[in-house]
Structures are given as structure tokens and as C-alpha cells.
Amino acid sequence: MEPPVTDADLAFEHVPETDQSFENALEKARNGTRLTVDDAVELFTTGTDREGIDRQRKERVLEAADHRRQAVVGDEVTFVANLNNNVTTACNVGCLFCNFKDAAHTFERDYDGLETAGFTKTPAESREIVADAVERGIYEVTSVSGLHPGFALDDEHLEILEAHPDPKAVNYKPPATYETDLGTYADQLEAMSVDGVHVHSMTPEEGYHARRGTDWSYEEVYGRLQDAGLDTVPGTAAEILVDEVRDVICPGKIRTDDWLEAMEAAANVGLGLTATIMYGHVENEAHRAMHLQEVRDLQERVDGAITEFVPLSFVHQNTPLYEHGVVSGGASRDEDELMIAVSRLFLDNIDHVQSSWVKYGDEGGLKMLACGADDFMGTILSEEITTRAGGEHGEFRSFEDYVDLITSIGRVPVERSTDYRERRVIDPDDPPFGPRLGPKADGTPLLEDERATTGVESIPE
Ligand SMILES: C[S@@+](CC[C@H](N)C(=O)[O-])C[C@H]1O[C@@H](n2cnc3c(N)ncnc32)[C@H](O)[C@@H]1O
Ligand SMILES: Nc1c(NC[C@H](O)[C@H](O)[C@H](O)CO)[nH]c(=O)[nH]c1=O
Ligand SMILES: N[C@@H](Cc1ccc(O)cc1)C(=O)O
Ligand code: SF4
């Protein structure tokens, strides 16, 4: 066997070295001049002229980002009443940062090994889960899944894959090979479209899977998905948009150019987008800055279709990267704060920066709202990706939790739709707080149910 790669072995072409100074970069950030990659590197590192993070300089970066947030979006902190309904954990892509996946062969009918800990849902099961949640008042379903070899876009795609001369080469096995029939992407999207609920699904990696073995363009694919009920696309699978980093953490995944092409195509057919970065593993500050540049450029090309930027702090505990000793942990709190702040300052064409309580917890999440973030994610009801990687911040936040948390830092709680077009300011003195924007949202609180009882933190004083 090959010896494991370690931090020390990673000789990247891109390193955090610049001709810029920290003070110049900060001055530009404060006066609103568009930042360059070098400026961002200076801010991320709090100056390449010094080793480690300089706390005083860091505070000045955070303050500049907090001012910018105030100028762009004011004091409102938004969140959405949503549900995560991921369809399957079966995936053979093998990303080394991921513990959401389970080897696809463990889902086959004739597999006789240990029962898989993962799941596959039929379209009918998905529909029931979404219908229950809509009944409780949610109005968005986020659905991201493993790349199950039996998953195809629609019946026509299935026929093409069936006729393929080398199905293995296109990561295809007939759905009948598997214990549970998950239907097609179109079936799942149609099933989840209950009562006009907003369906946020089909990352660029899933978009790629939905066209494998065909000559369809991403426009064709996203157009068909939209017809089946897709409303917006989560910009995950971005990880770090620099191929030398992808080569280490996700060699089986689509490359940077493919990710950008898929996002642009989704926007071209009229779908809204979010964008993410998954940071805190092997990448350095130059990679983070280059990623921000890719996202800012993409936002120009798609004419503002990206509604929010979501920094996802790498959760290391149960992942191959950590278990194989490639990394010794995730991002530090200082790095998390700087990630949010530099995102706010660099991405001058994206209005909203999300603070993820799944990744940072309540206390950490509130801190991020003072470092440039203005959105606090959603109620989600269920969470598998972070939890399976070892995250411990739970799977649910109620509207009561949100109102308590947001008012505790003197900001204004606002319920929003996924695309931010609908907003409702919540009066903290007038409970119950909702949700109220959904088809069945009559203001009744979304109470915690048995699926969502793990690890919900108490609200900080
Ligand atoms: C688990 S995948 C599911 C969708 C699809 N398989 C894909 O890769 O796009 C969604 C995203 O979760 C994030 N993710 C996975 N494992 C993570 C971890 N350990 N820490 C933080 N984020 C993680 C990654 O950014 C990944 O793109
Ligand atoms: N940040 C995470 C999300 N974000 C999704 C949001 O809840 C919402 O769907 C989005 O803001 C739509 O605009 N979801 C997760 O499951 N985990 C996260 O860490
Ligand atoms: N589900 C992803 C996060 C995510 C989903 C949708 C988004 O729009 C943004 C982020 C995770 O847990 O890592
Ligand atoms: S991140 Fe997505 S593609 Fe990669 S292994 Fe996990 S589920 Fe599969």
C-alpha cells in the first residue's frame, strides 16, 4: 500500500505569498475598493509579514466586515423554515472529507455483508416526509444525495444508460440491482413538490451524475430538472475551486471548470443558486482567496443569480482525511471568523453571507453574525452530512430558538423565503413566531419531533 499523504507532503503551486501589505488591503476593504486575491490573502493571514494570526489585526478585519454587512443589509438576520430530505447515502465518488456516503454495493439486493448504516428512500417515502413537514409549516426542502449508481435523470436517461456499452465506466448499475427503488431524479423532485414547497436540490455534482453517459448539455439537464419541480440549486460540491486541492481531497469529483459550467447553465435556464466553500482541511489562504475570486466572477456571469454565500467549516472527526492523518483537525475559530469576514468584504456582488449553526453551533453562529454574516440558515429538522462527520450541534432550531438567539445580540429576526424575495419581520413581543410564509404555515410553532432531538443546545445567556 502507498504510504499516507501528510500535510508536510503537500507541495502546492499556490502559496500565501503576496506583494501587498496588510494595511493596504485593510484600507481597500474599509473604503469599498474591490479586493484582489492578494488583498484577500493579506486579510486571511492577518498579514503575510507575520507568523500566525495577529489578534488585533484580526479584530480590525472583523470590524470592517461588520460595517460592510450593516451598510449592505442592515440589522436584519434572516432564516428559513425548511427541511433536509436527502434521498440516498449510496455513493462511490470517494471524497476524502466526507462520511455521509456509504459504498453503493452495500445497498444491493444480493449483498450479504453487514447491514449498511445508510439509507435510500423511495419517491413515495420522500413525499410523505416532505408532506408531513409542509403540514407543520415548512416551505423549503433541501435535498442533496450520494451519487447512487442506479440514479438517472428520467426514463430517457435510464434507456441511454441501459444501452451503454460500458456501464461501469459511467458509474451505472440498473436500479433493479438494489434493494430499494429510488426512482429517477425527476420522480424524486416531483414527489417532493408538495403544495408548492420550494425544492432546493441538485448540486453540480448531482447535475453531472444526471447527464453521465449522454451528450446532453447542463442546460438540457437543469431544464428537465426544473420541469420536474426543481426551484433552486445548492452550490455545494464546490469544496475549494482550485484543482490542486481537489486532487487531494476529492480526486473522483468534477473539476472546477465543470462546477462553474453546471452553475452557469442552471442560472441560464432561470434557476436561482447558492454558493459555498468547504474550508479548513488541506487548503491554504491562497486557495481560499482564489475560490472567492471564482465565485465573484461567476456571480458577474450569472447576473446576480447567487443569493447567498455559505462557508462550510470542515468537520473532521470521522473523515478519511483525518483518520489517514492527512489533516490533524479543522479550522480554528479565528480562521472561521476570518472566513466569514473576508467573504463579506470580497464578495461585493453577493448580498448575503450565511452563518451555519450546524457547523458553528449557537454561540459560534452568533459570533459569525458579528463578523459579516447576516443569514442564519434554516430549521432543517434533520441533518446527516455534518452529524455523520462528527458534528454535534444538532438537527433542528425552532422559530423560538431563532428569535431568542437573534434578539440576544440586538438584531432583528426575519423569516425569509429561499430566494429572499419574501421576508417577514418577526416581533419578539408577539408570540407565536411562526412560520408564516409557507402554504400551510399558519403561525403554529414548528415543534421538535422525535427525529430532531439530538444535541440541541441551550440558548446562551
Ligand atoms: C455530502 S455532499 C451531498 C451532495 C453531493 N453528493 C455532492 O457532493 O454534491 C454535500 C456537501 O457537503 C459538504 N460536506 C461533506 N462532508 C463534509 C464535512 N466533513 N465537513 C463539512 N462539509 C462537508 C461538502 O461541501 C459537500 O459538497
Ligand atoms: N448551511 C447549511 C445548510 N444550509 C441550507 C439552508 O438551510 C437553506 O436551505 C438555504 O439557506 C437556502 O437559501 N443546510 C444544511 O443542511 N447544512 C448546512 O450547514
Ligand atoms: N447540506 C450541506 C450544506 C448546504 C446545503 C444547501 C445550501 O444552499 C448550502 C449548504 C452541508 O451540510 O454541508
Ligand atoms: S461529498 Fe458527495 S460526492 Fe463526495 S463522497 Fe460525499 S456524498 Fe459522495
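**Figure 1. Polar contacts of ligand 1 in the predicted model.** In this predicted model, a nitrogen atom of ligand 1 lies 3.0 Å from a polar backbone atom of valine 315. Two side chains also approach oxygen atoms of ligand 1: a polar side-chain atom of glutamate 239 is found at 2.6 Å from one such oxygen atom, and for lysine 253 the corresponding distance from a polar side-chain atom to an oxygen atom of the ligand is 2.8 Å. On its own, ligand 1 has 550 Å² of accessible area, of which the protein covers 97%.

**Figure 2. Surroundings of ligand 1.** Ligand 1 is surrounded by 20 residues, and the closest of these are Phe97, Ser145, Thr203, Ala237 and Glu239. Glu239, listed here among the closest residues, is also the glutamate whose side chain places a polar atom 2.6 Å from a ligand oxygen atom. The space that ligand 1 takes up is the largest cavity.

**Figure 3. Polar contacts of ligand 3.** Three side chains are shown with their distances to oxygen atoms of ligand 3. An N or O atom in the side chain of histidine 200 is 2.7 Å from an oxygen atom of the ligand, while for threonine 274 an N or O atom of the side chain is 2.9 Å from a ligand oxygen atom. Lysine 359 contributes a polar side-chain atom that lies 3.1 Å from an oxygen atom of ligand 3. The protein buries 84% of the 340 Å² that ligand 3 exposes when taken alone.

**Figure 4. Residues around ligand 3.** The residues around this ligand are Thr142, His200, Pro234, Thr236, Thr274, Val310, Leu312, Lys359, Glu383, Ile385 and Thr386. Ligand 3, like ligand 1, is assigned to the largest cavity.

**Figure 5. Tyrosine 222 in the largest nonpolar core.** The largest nonpolar core comprises 126 residues, and within it Leu43 and Tyr222 touch the most other members. When neighbours within four places in sequence are left aside, tyrosine 222 is in contact with Met202, Thr203, Pro204, Gly207, Leu230, Val233, Ala262, Ala266, Val269 and Leu271. Apart from this core there is a second, separate one of five residues, which include Ala152, Leu158, Leu161 and Val170. Thr203, one of the contacts of tyrosine 222, is also among the residues closest to ligand 1.

Methods. Residues are numbered from 1 along each chain as its sequence is written. Chains are lettered from A and ligands numbered from 1 in the order in which they are written. This is a predicted model: local features need pLDDT of at least 70, side-chain atom pairs count only at pLDDT 80 or more; totals for chains, interfaces and linings use all residues. Side-chain values use heavy atoms; hydrogens and water are left out. A nonpolar core is a set of buried Ala, Val, Leu, Ile, Met, Phe, Trp, Tyr and Cys residues joined through side-chain atoms within 4.5 Å. Buried means under 20% relative accessible area, exposed over 50%, partly exposed in between (1.4 Å probe, protein chains only). Contact means heavy atoms within 4.5 Å. A residue is near a molecule or strand if one of its heavy atoms lies within 4 Å of it. A polar contact is a pair of N or O atoms within 3.5 Å; within protein, one must be able to donate a hydrogen and the other to accept it, and residues adjacent in sequence count only if both atoms are side-chain atoms. Accessible areas come from the Shrake-Rupley method with a 1.4 Å probe; for residues, only the protein chains shown count as cover. On a 1 Å grid over the protein atoms alone, a cavity is a set of points where a 1.4 Å probe fits but cannot get out, and a pocket is an open set with protein on both sides within 12 Å along at least five of seven lines; lining residues have an atom within 4 Å of a point. A molecule sits in a cavity or pocket if more than half of its atoms lie within 2 Å of its grid points.
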